[in-house]
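Trainee: I'd like to learn how to read a fold from its parts. Could we go through a model together, one feature at a time?

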Amino acid sequence: MINNELKLVSEWLDLNKLSLNVSKTKFMIFHCQNNNIPLPKLQIKEEQIENVSQFNLLGIELDTNLKWKSHTNKISKKVSKATGIIGRLKNYLPKKTLRILYFTLINTHFDYGLLCWGHNSKMLTKLQKKAIRIVSKSKFNAHTEPLFRELQILKITDLYKLKLYKLYYKIINDQAPVYFTRTQFLTIQQTRHSHLLRNQSFLKPRIFHSYAENCTRHQLPTLLNASDKNILEKVYTHSEKGFASYIKNIFINNYHNICRNQNCYICNS
């Protein structure tokens, strides 16, 4: 059936004087890691299409299991390279300029497509801390929370949460794409009101595999149910930029500006 559809696609392209490079055309089957899926033989104009287990789509590395390990590895290499560049410049540039370089060379990689892979960012957290120490010209083992607060930079875990909050804002204000509907992402439990009341919560979608907990449909209501209702109500009174700035300030103000461990080896040394 797929081959029949591909034949129709090929005919449509020919009729509209468009060409398809079959040698660069790939197909991928998404499935759970332990499932053995038989590979179909797909072809266009009697030329077989190659099956791949990993592919770069618009800067996002997709793999058959959607584990995002290949994508985070790709980002790690870019961030490590950028961190090395900033490290060689830290003795010649002020902190303000180093901070600009951080947002230009490093934060852009963290920000792109973060809603897809942000739940799997443990590896990048260490690299971000290393970069923050370099930007702030601190010791290699300095506590990073005060540095994040000083530089007004979000941790990558909080940057992911900020992305979820911004998605929540867009859904509530009907600014999100049509497939991000309230009925699918933001079902309020037992309510007749359009606004979220203090004793109500968002329903989580029913899942049949622990892997599904990482999807946005599950992560978004989980975050919102753990949030203060005063924060969520700001989507009705703030602009998107104002709401994002409000959330960012909350995260940064929660970072400790001093170490609270009395027997801290780093501080004592």
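Trainee: Where is the place of K17?

Mentor: Keep in mind that we're looking at a predicted model. K17 sits in the loop between α1 (2–15) and β1 (26–27).

Trainee: Is K17 buried or exposed?

Mentor: K17 counts as exposed, because its relative accessibility is 80%. Have a look at its backbone too: phi is positive, about 55°, although K17 is not a glycine.

Trainee: Which loop holds K45?

Mentor: K45 is found between β2 (43–44) and β3 (47–48). Its phi is near 55°, again a positive value in a residue other than glycine. With 58% relative accessibility, K45 counts as exposed.

Trainee: OK, on to helices. How are two packed helices described?

Mentor: You quote the angle between their axes and the distance between the axes. Try helix α2 (residues 69–89) with α3: the axes are 9 Å apart and the packing angle is about 175°. Angles over 145 degrees count as roughly antiparallel, so α2 is roughly antiparallel to α3.

Trainee: Which residues of α2 and α3 make the contact?

Mentor: From α2 you have I75, K78, V79, A82, T83, I86 and L89. On the α3 side they are L98, L101, Y102, L105, I106, H109 and F110. Sort that contact by class and you get 11 nonpolar, two polar and one charged residues.

Trainee: At what angle do the axes of α3 and helix α5 cross?

Mentor: At roughly 165°, and the axes of α3 and α5 (residues 122–135) come within 10 Å. So α3 is roughly antiparallel to α5 as well. The crossing of this pair is right-handed.

Trainee: And which residues make the contact of α3 with α5?

Mentor: α3 supplies K95, L98, R99, Y102, I106 and F110, while α5 brings L124, Q128, A131, I132, I134 and V135. By class, that's nine nonpolar, one polar and two charged residues.

Trainee: How do the axes of α3 and α7 cross?

Mentor: Helix α3 (residues 95–111) and helix α7 (residues 156–172) have axes that come within 10 Å and cross at roughly 50°. That value makes α3 oblique to α7. The α3 and α7 crossing is right-handed. N107, F110 and D111 of α3 make the contact with I156, L159 and K163 of α7. Those residues divide into three nonpolar, one polar and two charged.

Trainee: F110 keeps turning up. Which residues touch the most other members of the largest nonpolar core?

Mentor: First the general idea: in soluble globular proteins, nonpolar side chains tend to be buried together. Here the largest nonpolar core has 54 residues, and F110, Y165, Y168, L186 and L220 touch the most other members. Helix α7 gives the largest share of this core, 11 residues.

Trainee: What does F110 touch?

Mentor: Not counting residues up to four places away in sequence, F110 touches I75, V79, Y102, W117, L124, Q128, I156 and L159. Apart from the core with F110 lies another one, of seven residues, including L6, F27, I29 and I49.

Trainee: Back to single residues, then. Is T97 in a helix or a loop?

Mentor: T97 is found in helix α3. T97 is partly exposed, since its relative accessible area is 31%. For a sense of distance, the C-alpha atoms of T97 and G84 are separated by 15 Å, with their places 13 residues apart along the chain.

Trainee: Is H218 buried or exposed?

Mentor: H218 counts as buried, because its relative accessibility is 12% and the cut-off for buried is under 20%. H218 is found in helix α9 (residues 216–225). Leaving aside neighbours within four places in sequence, H218 is in contact with K204, P205, I207, A212 and E213.

Trainee: Where does N214 have its place?

Mentor: In the loop between α8 (182–185) and α9. N214 is partly exposed, with a relative accessible area of 26%. Beyond neighbours within four places in sequence, N214 is in contact with H119, Y160 and Q219. The C-alpha atoms of N214 and F148 are separated by 26 Å, and the two residues are 66 residues apart along the chain.

Conventions: Residues are numbered from 1 along each chain as its sequence is written. This is a predicted model: local features need pLDDT of at least 70, side-chain atom pairs count only at pLDDT 80 or more; totals for chains, interfaces and linings use all residues. Side-chain values use heavy atoms; hydrogens and water are left out. Axes are lines fitted to C-alpha atoms, for helices over the stretch in contact, and angles run from 0 to 180 degrees between N-to-C directions. Helices (H or I, at least four residues) and strands (E, at least two) are DSSP runs, numbered from the N terminus. Angles under 35 degrees count as roughly parallel, over 145 as roughly antiparallel, 65 to 115 as roughly perpendicular and the rest as oblique. A crossing is left-handed if the near helix is turned anticlockwise from the far one by less than a right angle, and right-handed if clockwise. Contact means heavy atoms within 4.5 Å. Ala, Val, Leu, Ile, Met, Phe, Trp, Tyr, Cys and Pro count as nonpolar, Asp, Glu, Lys and Arg as charged, and the others, Gly among them, as polar. Buried means under 20% relative accessible area, exposed over 50%, partly exposed in between (1.4 Å probe, protein chains only). A nonpolar core is a set of buried Ala, Val, Leu, Ile, Met, Phe, Trp, Tyr and Cys residues joined through side-chain atoms within 4.5 Å.
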